[in-house]
Amino acid sequence: MTTKAITQPPKVGKRTDLKKILILGAGPIVIGQACEFDYSGTQACKALKDEGYDVVLINSNPATIMTDPELADRTYIAPMTPELVEQVIEKERPDALLPTMGGQTALNLAVALAERGALKKYNVELIGAKLEAIKKAEDRELFKQAMKSIGLKTPPSGPAFTLGGTGGGIAYNKEEFESICKAGLAASLTSQVLVEKSLLGWKEYELEVMRDLADNVVIICSIENIDPMGVHTGDSITVAPAQTLTDKEYQRLRDYSIKIIREIGVECGGSNVQFAVNPLDGEVMVIEMNPRVSRSSALASKATGFPIAKMAAKLSIGYSLDQIPNDITKKTPASFEPSIDYVIPRFAFEKFPGSQPVLTTQMKSVGEAMAIGRTLQESLQKAVRSLECGYSGWGCASLKELDWDWDQLKYSLRVPNPDRIHAVYAAMKKGMKVDDIHELSLIDKWFLTQLKELVDVEQYLMTRSLSDLTKDDFYEVKKRGFSDKQIAFATKSTEKDVRSKRISFGVVPAYKRVDTCAAEFEANTPYMYSSYDMSAGYETIMMNSNPETVSTDYDTSDRLYFEPLTVEDVLNVIDLEKPDGIIVQFGGQTPLKLALPIQQYLEEHKPISASGAGSVGIWGTSPDSIDIAEDREKFNAIIKELKIKQPKGGIAKSEADALAIAADIGYPVVVRPSYVLGGRAMEIVYSDDKLVTYLENAVEVDPERPVLIDKYLSDAVEIDIDALADSYGNVIIGGIMEHIEQAGVHSGDSACILPTQTVSSSCLATIRSWTTKLAKSLNVCGLMNCQYAITASGEVFLLEANPRASRTVPFVSKAIGHPLAKYAALVMSGMSLNEVGFPKEVIPTHVAVKEVVIPFGRFPGCDVLLGPEMRSTGEGMGIDFVFAMAFAKSQLATGQNLPLSGTVFISLNDLTKPHLEKLAKAFLGLGFRIISTSGTAHFLELKGIPVDRVLKMHEGRPHAGDILANGQIQLMVITSSGDALDQIDGRQLRRMALAYSVPIITTVAGALATAEAIKTLKSSNMNMIALQDFFNAKVHEDSNKNLQSASSSL
């Protein structure tokens, strides 16, 4: 920034020269970029609309609030490529583009649009961050020079412009160094890889900073990572505010942050700066700076109650910090009440077999939980409880780590891994000293001392019985975050007894408000957190512990409890609030597990609601009905009565049972524990010995629950249906989706189409009638989701029914233009479907396709095959008037770039060989050359189809992998045989395709749809259409004409 700019501050104040603003969203949820940008984008849309601007939004993710059609004036749920976004700019002619709300995706896209001249051509101004600032912050070399010019150090030389540490890693030897560099170059937009001196073991801090056009700068909050450097900050346990900085050190980081934001030239909006501090001598290095709203901004917003994204949006249109009605500039965030909040990431390594559960600089976590408390101990215990990994807090449980020998424990302390925090507990229980744990893990001694105190309290509890505990004991233990369940474990009593004893002493939580700048929310920030303190005072009613979602936003509900979702915590809030109704069907599996215990409590105590309108009750479908749908034996009885067909199956309580059932129904069978989410530990098994192996490895998933064994329907089409029922006996179908991948691939990992494309009207009639009968018989009030399979001969089977909102609801709502979740809430409050405005099923004239994003690339070593266990993290959506184009859009939206020509490698297993001829002919007809290994090639040659043979990986060189590495394969279609050779050969080839970004398709149906999409792309251009236009009659008529001519040519 020149000195001239400082002496003459730019004119500030709301800009009236801008009328229409384009916001770039973040696309599908991927690791490193999750739903926190749903939160920031939603805030930005609301803030700019409130200011009277026309808002255009582009985001390919249907499962986010911001793509609800009423949030922006024009919503494009479409692929986010520079070419297509330029089309939107040409059509909508926005005055400005706001690129800081959609994470790395949006920043990279804005840079691409600027560099291809699109912004200049249509006279679009970048607001919130100028191109120079983005480049200076994102290009590692420019950033280094900028830091040098203001006297700050950066690590003496990861890839530039990537997300969540993609392509990064720590190399301990030459071979690792080379493989990390290759991955980095492939992932980086600018083809840069930086080699930096590793700062392993240094402490890591982040500061959230905001600046306005008048050059006012404020620090919103500081965040400290408990794990030292070497673990991606998104994978580390973090705490806000920072705990181990002296005031002087904190001031120094503050001053540096202000210098940095000015030097980089982020004119206005939020940024986050990451520092590494050497614990030995206090040396500071600047790691990086994000010139945008970041992952931590969502956390900082929730921790401080200061809505960073909303403010950043207002700053981008010219306001200065002192013009936005609040006290922020007078009251520094450092003076906030010392509520400490804790974020713990959540991992799912078990879903990616073959990958090592080790944390490095490349982010791997798939979610996080946050807790707020008065002390570090209280917040940490609550956060561990919120993860839903079966812990009721930190410690006070018989953990597997306690049985480990010292070698295993020391390894777990030395090598960062998802369970390291539990290894610390086990080491302390076994008598390891704080100094020794620090030496192995490099976790700050201050944190370790806090944890050691929790172990001491636990030891104290272990020597007492429940009746020995006094009122003061309860306060002291509760203040440190111990749950009733933990106290029960230590005192050998039950959670129920602990609860009643605690309440008899009058020891109940006081709910504290997060103290923010009072004027911003009329002294009413609706964030509450509980703390065992002698005082009380409360105020909302949404309970959740995920900091990244819109549901935990201050303007989403009247009062919000940021608490773990456990029976104890929910009952505390119910006792306090005494609501008229409790809704459990919107939160997936988690609240459903709580429904029965809550119901029992309500029946026992019959609390009267605060409004005096009767007693507190659970709204919507009753917990008993939910339980019937989850309990196999009860459910089978209803199915039988309704004459609905299910695949043959049984419930096994022992290995002998399992083998007998499998023998009776015949292999292949699908096995899974009952009560599971996301198909965890679900497998398709082809033989007795595989079944025994499965039972030995997976039965520990839930020992009290039996294992379900069902006939696997091979080659069946799977159907997902969402329906809505009211309390007057009306049932309306929301949408029927056809899965592209065959039954057996988890529904959450399959692409799906609405309306269905290949299902006969008689099958659809059966599905509609069965769904309606089921909803009535289960007394559903609200949403219900069912899954069906249709065999090749046209038989329909019910696979499962869930009386709750499913993950397809947002997609269906956007595809049909009706907000189903909103209708469900109104129906639960007593309205009829007619009254809410949803009298009949809507079958759109356009086609919507949902495709998923699966983070295989981040889990080295795991295979890329789809199976019954869910692994996707997010989804993209394509909408068009023709199926093939909608499918093409969905592929592009999720990062699959389909080639229009070149060579396709095809290798099909024996089960899918019958489809080979049709598939090969489809690609030949599009001008592709086909190459295959021996078996597939032989089959094609017999049919007279031209094919070039290539060696398998173990047959010698040059093999399929070499041809792939040389860039001579543009698309791969592989269905796995699952044999031992394929586990090595095939897996290696599939991983290579991933490394070289060659689209790989592992199902026949997916391959046929891809051929169809390529055919359409070759003959017509991709058109960008706003969501609102699909429900506008005029647009329909024009497109219907096109549709008829298109379908006649197919």
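**Exercise 1. Helix H9**

Task: Check what the 18 residues of helix H9 (residues 247-264) should span at 1.5 Å a residue, and which residues of this helix are buried.

Solution.
1. The rise of 1.5 Å is applied to one less than the number of residues. For the 18 residues of H9 the expected span is therefore 26 Å.
2. The end C-alpha atoms of H9 are 26 Å apart, which agrees with that expectation. The model is a predicted one, and the distance is taken from its atoms.
3. A residue counts as buried under 20% relative accessible area. In H9 the buried residues are Tyr 250, Leu 253, Ser 257, Ile 258, Ile 260, Ile 261, Glu 263 and Ile 264.
4. The cover over these buried residues includes two helices, H6 (131-138) and H7 (140-149). It also includes the strands E6 (203-211), E7 (217-225), E9 (269-277) and E10 (284-290).
5. After H9 comes Gly 265, with a positive phi near 90 degrees.

**Exercise 2. A helix pair**

Task: Describe how the axes of helix H19 and helix H20 cross, and state which residues make the contact.

Solution.
1. H19 covers residues 495-504 and H20 covers residues 567-577. Their axes come within 12 Å and cross at roughly 35 degrees.
2. The crossing is right-handed.
3. On the H19 side the contact is made by Glu 495, Arg 499, Arg 502 and Ile 503. On the H20 side the residues are Glu 568, Leu 571, Asn 572 and Asp 575.
4. Sorted by class, the contact has five charged, two nonpolar and one polar residues.

**Exercise 3. Salt bridges**

Task: State how many salt bridges a search of the whole structure finds, then work through the pairs of Asp 1029, Arg 116 and Lys 135.

Solution.
1. The search gives 37 salt bridges. Side chains of opposite charge can pair when their charged atoms come close. The cut-off is 4 Å between a side-chain nitrogen of Lys or Arg and a carboxyl oxygen of Asp or Glu.
2. Asp 1029 pairs with Arg 74 at 2.9 Å, N to O. The relative accessible area of Asp 1029 is 13%, so this residue is buried.
3. Arg 116 pairs with Glu 86, with 2.8 Å between the closest N and O atoms. Arg 116 is in the loop between helix H4 (103-115) and helix H5 (118-121), whereas Glu 86 is in helix H3 (residues 82-92). The two are 30 residues apart, and the pair links distant parts of the chain.
4. The partners fall in separate accessibility classes: Arg 116 is partly exposed at 41%, and Glu 86 is buried at 13%.
5. Lys 135 pairs with Glu 115, with 2.4 Å between the closest N and O atoms. This pair links helix H6, which holds Lys 135, to helix H4, which holds Glu 115, across 20 residues. Lys 135 has a relative accessible area of 28% and is therefore partly exposed.
6. Through shared partners, salt bridges also join Arg 15, Asp 17, Glu 125 and Lys 130 into one network.

**Exercise 4. The surroundings of Ala 848**

Task: Decide whether Ala 848 is buried or exposed, and list what this residue touches.

Solution.
1. Ala 848 is found in strand E28 (residues 847-853).
2. Its relative accessible area is 0%, so Ala 848 is buried.
3. Leaving out residues up to four places away in sequence, Ala 848 touches Cys 752, Ile 753, Leu 754, Phe 811, Ala 815, Met 877, Gly 878 and Ile 879.
4. Met 885 is 37 residues from Ala 848 along the chain, and their C-alpha atoms are separated by 9.8 Å.

**Exercise 5. Backbone angles**

Task: Locate the cis peptide bonds that lead to Pro 668 and Pro 755, and the positive phi values of Asn 123 and Lys 643.

Solution.
1. The bond from Tyr 667 to Pro 668 is cis, with omega near -5 degrees. Pro 668 lies in the loop between helix H24 (655-665) and strand E20 (669-673).
2. The bond from Leu 754 to Pro 755 is also cis, with omega near -5 degrees. Pro 755 belongs to the loop between strand E25 (752-754) and helix H26 (761-777).
3. Asn 123 has phi near 55 degrees and lies in the loop between H5 and strand E5 (125-126). With 65% relative accessibility, Asn 123 counts as exposed.
4. Lys 643 has phi near 60 degrees and sits in the loop between helix H23 (632-642) and strand E19 (649-652). Lys 643 is exposed, at 70%.

Methods:
Residues numbered from 1 in each chain as written. Predicted model: local features only at pLDDT ≥ 70, side-chain atom pairs only at ≥ 80, totals over all residues. Heavy atoms only, no water. Axes fitted to C-alpha atoms, helices over the stretch in contact; angles between N-to-C directions. Helix = DSSP H or I, 4+ residues; strand = E, 2+ residues; numbered from the N terminus. Left-handed = near helix turned anticlockwise from the far one by under 90°. Contact = heavy atoms within 4.5 Å. Nonpolar A, V, L, I, M, F, W, Y, C, P; charged D, E, K, R; others polar. Buried < 20%, exposed > 50% of the residue type's maximum accessible area, 1.4 Å probe, protein only.
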